[in-house]
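User: I've got a model open and would like to talk through how it is put together. Can you take me through it?

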Amino acid sequence: MLLTAFGGFMSLIYLAMLLLAVAALVLAAVAREDAYRAADKQSKMFWLIILGVTVAVNLLVPMLFLQIAGLIATIVFFVDVRPALRQVSGGGRGGGRGSSSDGPYGPYNGGR
């Protein structure tokens, strides 16, 4: 009974790793190529290959070592590359709406 519960838990972990890798691959694919250069990160093709291999490994090769290596690459993409791409693409908080004088609670009106 304990082994089947552990097997079910590990299946959920593998599924979560696969979903994260697919999400990272999609986000890497929709980002502009010049944003990678502007953010001083590896090229778009590099990240597409790394994340594509990660998805393939999660789907086809049940080797935990390779899956963990892919998980690390996925985490690096989400924590380091994606925020840098959003910053250079103008996709910061609020989706790029508002002016440069907006504060966290709305527009700054100069005390008027």
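Analyst: Sure, one definition to start with: patches are made of residues with over 30% relative accessible area and no salt bridge (a side-chain nitrogen of Lys or Arg within 4 Å of a carboxyl oxygen of Asp or Glu), where like charges are joined within 9 Å and nonpolar side chains (Val, Leu, Ile, Met, Phe, Trp, Tyr) within 5 Å. This is a predicted model, where local features need pLDDT of at least 70, side-chain atom pairs count only at pLDDT 80 or more, and totals for chains, interfaces and linings use all residues. Residues are numbered from 1 along each chain as its sequence is written, and side-chain values use heavy atoms, with hydrogens and water left out.

User: In what order do the elements of the protein chain run from the N terminus on?

Analyst: Helices (H or I, at least four residues) and strands (E, at least two) are DSSP runs, numbered from the N terminus. The protein chain has 4 helices and 2 strands. From the N terminus on, that gives α-α-α-α-β-β.

User: How much accessible area does the nonpolar patch on the surface have together?

Analyst: Helix 1 (2–30) and helix 4 (64–89) each supply at least two of its residues. The members are Phe 6, Phe 9, Ile 13, Tyr 14, Leu 64, Ile 68, Ile 72 and Val 76. By the Shrake-Rupley method with a 1.4 Å probe, and only the protein chains shown counting as cover for residues, the patch comes to about 710 Å².

User: Is Ile 68 buried, partly exposed or exposed?

Analyst: Ile 68 sits in helix 4. Buried means under 20% relative accessible area, exposed over 50%, and partly exposed in between (1.4 Å probe, protein chains only). Its relative accessibility is 40%, so Ile 68 counts as partly exposed.

User: Which element gives the largest share of the largest nonpolar core?

Analyst: A nonpolar core is a set of buried Ala, Val, Leu, Ile, Met, Phe, Trp, Tyr and Cys residues joined through side-chain atoms within 4.5 Å. The largest one has 12 residues, including Trp 47, Phe 77 and Leu 85. Helix 1, helix 2, helix 3 and helix 4 each give two or more residues to this core. The largest share, 4 residues, comes from helix 4.

User: Which residues is Ala 35 in contact with, leaving aside its neighbours within four places in sequence?

Analyst: Contact means heavy atoms within 4.5 Å. Ala 35 is one of the core residues. Leaving those neighbours aside, its partners are Leu 85, Val 88 and Ser 89.

User: What is the phi of Asp 40?

Analyst: Asp 40 lies in the loop between helix 2 (33–38) and helix 3 (44–60). It is exposed, with a relative accessible area of 68%. Although Asp 40 is not a glycine, its phi is positive, at about 60°.
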